Structure formats: C-alpha cells, structure tokens
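Work through the following exercises with the sequence and the coordinates side by side, and try each task before reading its solution.

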Amino acid sequence: MGQPFDLSGRVAVVTGASGTIGGAIARGLAAAGCTVGALARRRDRLESVVSELGASAFALEADVLDREALHSARDELFARCGRLDVLVNCAGGNVAAATTGERSFFELPPEALEEVVRLNLHGTLLPCQVLGEAMGDGGSIVNISSLSADRPLTRTVGYGAAKAGVENFTRWLAVELAPAGIRVNAIAPGFFVADQNRSLLLRDDGAPTERGERILAATPARRFGDPDELAGAAVYLASSASSFVTGTVLTVDGGFSAFAI
C-alpha cells in the first residue's frame, strides 16, 4: 500500500509555506519524496523552512496576490525543475478587523472584508491561474478551505465567506480541468493550533481559553489538531492513491463537523 503514496520524482509548490499549516504540509510532501518549492512573501522565513526540509526543497519568494511575482516564481521553478506536478494553496488567514466581537457586523470596515476575501479567495485563485496553467496530465491542485466554509462559526464572517468561495471555486475548477487530466480538491481543517490563532485557543499556561473549551466540547476527539496531521491528507490528494478523486473537500477535524448536541 505504500507505493501509491510515493511522490518520488514529483515537483510541488506550496504557497504560504512559511506558515504553520503550509510548513507542515511541505514537510509531509518532502517526506513522501517530493521536490518542494516553498513559496511565500518573506525570504527570511522561507529560508528557515527550506533548511528544515533539506536538499530537495528551495525557496520561491512571491506574494500570491501579485500576478507578476507569481509568473517570476513559475519561471524560476521551471528553470530549476522543468515541471510542476502538485500545487497546494496554503496562503490565507483571518483579518482581525473583519471579525465581529469588539464591533458589530454593521460596523465592520468594507476594506477589511475585502482584504480577507482577497487573501483567501484571490490568494487561491491567482496561483491556480498562473501555476496551474503550467501543469500537465496527472497534476494535482489542493486548496486549503475551512470548516467555516460549510458551517458558519461565530465572529469570523469575512473568513467564512471567503473559504466558502474557495470550496465553490475548487469544485468548479475540478470540472474545468478534468479533461486536461488535472485533479482539484480541497482540505477543510478543523481547529489546529497555529501562530495566528494560538491566543484565541490557548492561554499562556497552555490551558484552553473559554472559546477553546467550547470547541473541545464539540470535538469528539477532545483535542485540537496538530498541523502535521494535515500532511497525510495532502500527500493522499497529491498522490496516485487518489487518482479518481476530484472536486471533493476532505474534512480533517477530529469529528467536529459530525457532532451535534
């Protein structure tokens, strides 16, 4: 059973690779044998990720919202590797000003809502346009969605709407690219502790916050996910083990979305 998951000889680009989830998925792909182009905006953080991944990884400095920068990254990728087999779109995240809590929905700044939609939806769509165009038969695109795309969560109105767009786009693109032999799927993570949400889920002493306690109470696994637990899902969707899987959203959430009181 190990052979279908082997990615030896394949080339992947992971956007948002300097983040917690992007870094974990990049590590998983590299461990499966993939050559990994780690793409993000900040060269210093990228170099740290690449040094951890080893000789089979390299840095691609680009903003996922900058089409010209993405074209430059694609040129660099092909000059180095000559091909692209896997694209994982991990760049994204929430924008504090686009969440309710301190202010009501009616007070949310339009520019904050636009920013979170651009970061998550456009930041997935543009790499698919620029990098996905360079893929051939057998290619795999994996987008990162969220539970909030299908099950609205409190406060995160802009983020949830953007991720809902990512899932709709994933299904649309799967149909569009199927004749070219390119598969397109998404992963919907549950609650994973990352740099961005650590203070929302955990106190300084490591105990869950009030919000964290509510989440754990609604998660049958009774714990938060570890980012490395997303790597297996990404490897599966990138590999020939999922050769007849396209247009789907794979949920990795410890049972959160299956639970109801």
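A nonpolar core is a set of buried Ala, Val, Leu, Ile, Met, Phe, Trp, Tyr and Cys residues joined through side-chain atoms within 4.5 Å. The model is a predicted one.

**Exercise 1.** Find the residues with the most contacts inside the largest nonpolar core, and state which helices and strands supply it.

Solution. The largest nonpolar core holds 33 residues, and those with the most contacts inside it are Val14, Ile25, Leu29, Val36, Val88 and Ile187. At least two residues of this core come from each of β1 (11-15), α1 (20-31), β2 (35-40), α2 (43-53), β3 (57-61), β4 (86-89), β5 (140-144) and α8 (231-238). The largest share, five residues, is supplied by α8. Turning to Val14, and leaving aside neighbours within four places in sequence, one finds contacts with Gly22, Ala26, Leu29, Val36, Gly37, Ala38, Leu39, Val88 and Cys90. A second core, separate from this one, has 28 residues, including Phe58, Leu87, Leu126 and Ala174.

**Exercise 2.** Decide whether arginine 74 is buried or exposed, and list its contacts beyond four places in sequence.

Solution. Arginine 74 lies in helix α3, which spans residues 67-80. Its relative accessible area is 19%, and because buried means under 20%, arginine 74 counts as buried. Beyond its neighbours within four places in sequence, arginine 74 contacts Val130, Leu131, Glu133 and Ala134.

**Exercise 3.** Classify valine 157 by its accessibility, and name the surface patch residues that accompany it.

Solution. Valine 157 belongs to helix α5 (residues 157-177). Its relative accessibility is 32%, so valine 157 is partly exposed. Together with Phe105 and Phe106, Val157 makes a nonpolar surface patch of about 350 Å².

How values were computed:
Residues are numbered from 1 along each chain as its sequence is written. This is a predicted model: local features need pLDDT of at least 70, side-chain atom pairs count only at pLDDT 80 or more; totals for chains, interfaces and linings use all residues. Side-chain values use heavy atoms; hydrogens and water are left out. Buried means under 20% relative accessible area, exposed over 50%, partly exposed in between (1.4 Å probe, protein chains only). Helices (H or I, at least four residues) and strands (E, at least two) are DSSP runs, numbered from the N terminus. Contact means heavy atoms within 4.5 Å. Patches are made of residues with over 30% relative accessible area and no salt bridge: like charges are joined within 9 Å, nonpolar side chains (Val, Leu, Ile, Met, Phe, Trp, Tyr) within 5 Å. Accessible areas come from the Shrake-Rupley method with a 1.4 Å probe; for residues, only the protein chains shown count as cover. A salt bridge is a side-chain nitrogen of Lys or Arg within 4 Å of a carboxyl oxygen of Asp or Glu.
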